[in-house]
Amino acid sequence: MDKKNVVFFTSVYPEDGYGNLYFDLVKEIENQGYHVDVVTPIERKYKKSTTCIQNGDINVFRVKSLNFRGKVSLIEKGIATLWFLIWFKKVYYKYLKQNHYDIAIFATLPITYAPVMKILKKKGTYIYLLHKDFFPENAVDLNILSKNSIMYKIFEKCELSMYRYSDSIGVMSKGNKEYILKLNKGITEEMVDICPNSIIPSSNERIAELTSHKDEIREKYQIPKDAVVFIYGGVISRAQGTEYIISLVKHLKECNDAFFLFVGSGNTFDDLKKEIKKNNCENVKILSYIPKYDYDLLMASCDVGMVFLDYNFTVPNIPSRMLGHIDLSQPIIAATDEHTDFKDILIQNQIGLWNASNNPHAFVENVNRFVNSTELRIEMGINARQYLLESCSATASYKEIIKHIM
């Protein structure tokens, strides 16, 4: 029997992607006996040529595109996003038009997939929208776009077109499902799956190997050996609540026996450094970007993962950032808006502590709860790993998606 073919469109697909939700999902689909073609842009700022790399039954097409991530102006980012309306269609015709696909998976962002969705749908391909980012609604929450602006109306039209061509839509949580059904009367409840953020869980051997270096890693990065270490890794942007995180710094110095690590880069990290220096915070450290395996070692030497979302969100976001932590049996401390059901996931499954991201004092109280109770950290860490295995494995996501073509 011939293998079924899957095509996966995404704006993010790291080369060293172990532990990335899209990389792991594609690997899981391959492991289950499918051939997968991945289409992903490579921004021109990296000055790399278009490539197609084959690895087993996975072909990854990295095709040159405009810049749209990181330190890019909103105008350039907007142009690049709209340009994807043409770009994905051109890439399909150049590299994939001769292939038949049983299912096409589209991961947001971007939301400009409709033209290529239409082509594939006409050829009999099942269209699955893997919806991870509700744009442009979240841009309105952050005052990046106005609902009355031309750009909002253009992006809204793109969003609605994308929904129109989707056979099924996979969202991250019950809150996501309620949100999309409330805003879009043309979408039926039967069309919407709950398909949580997921990864392939690390083996016990890999976790043991990573955590075995704890003492030397703490010494390498000058982290107190006996401190309870809280870590945040990645970009800090408006979505994470820049002002709130910076406002926390002066309060974190009050947390005895706690140490805070922020790993990443960008303008916000520069502002954080200034605030740390201004407040003479000896228990807060900023590290620039480090390679993934080195970061995994560093994360494994810490105790609690930090997650932030801006307080102004009305879109129920579910941060994928927590996956690496719960994979290592680390509990979560989260400061978010009050609309997301991420807080409910943490509380109901007893995998972390939550407070609203307009209250720095509550965050400090939660820090102290973790610092003062080894038992709490261990218990929530065990619950976190179990939650990953039961609800956030790539196998579960694979089953939710592929059931439509079985």
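**Exercise 1. In this predicted model, decide whether phenylalanine 84 is buried or exposed, then classify its ring pair with tryptophan 83.**

Start with phenylalanine 84: its relative accessible area is 2%, so this residue is buried. Tryptophan 83, at 28%, is partly exposed. Now take the two rings together. Their centres are 6.4 Å apart, and the planes make an angle of 35°. Stacked pairs need planes under 30 degrees apart and edge-to-face pairs over 60, so this pair is tilted. Both residues also belong to a cluster linked by ring pairs, which includes Phe9, Trp87 and Tyr113.

**Exercise 2. Work out how the rings of phenylalanine 230 and phenylalanine 260 are arranged, and which parts of the chain they tie together.**

First, look at the geometry: with centres 5.2 Å apart and planes at 25°, the pair is stacked. Next, place the residues. Phenylalanine 230 sits in strand β9 and phenylalanine 260 in strand β10, so the pair ties together parts that are 30 residues apart in sequence. Finally, check the accessibility: phenylalanine 230 is buried at 0%, and phenylalanine 260 is buried at 0% too.

**Exercise 3. Find out why cysteine 392 has no bond to the sulfur of cysteine 195.**

Begin with the cut-off: a disulfide needs two cysteine sulfur atoms within 2.5 Å. The closest cysteine sulfur to that of cysteine 392 belongs to cysteine 195 and is 10 Å away, which is too far for a bond. Cysteine 392 is also buried, at 2% relative accessible area. Searching the whole structure gives zero disulfides. Cysteine 302 fits this result: its nearest cysteine sulfur, in cysteine 255, is 16 Å away.

Note on methods. Residues are numbered from 1 along each chain as its sequence is written. This is a predicted model: local features need pLDDT of at least 70, side-chain atom pairs count only at pLDDT 80 or more; totals for chains, interfaces and linings use all residues. Side-chain values use heavy atoms; hydrogens and water are left out. Buried means under 20% relative accessible area, exposed over 50%, partly exposed in between (1.4 Å probe, protein chains only). Rings of Phe, Tyr and Trp (its six-membered ring) pair if their centres lie within 6.5 Å; planes under 30 degrees apart count as stacked, over 60 as edge-to-face and the rest as tilted. Helices (H or I, at least four residues) and strands (E, at least two) are DSSP runs, numbered from the N terminus.
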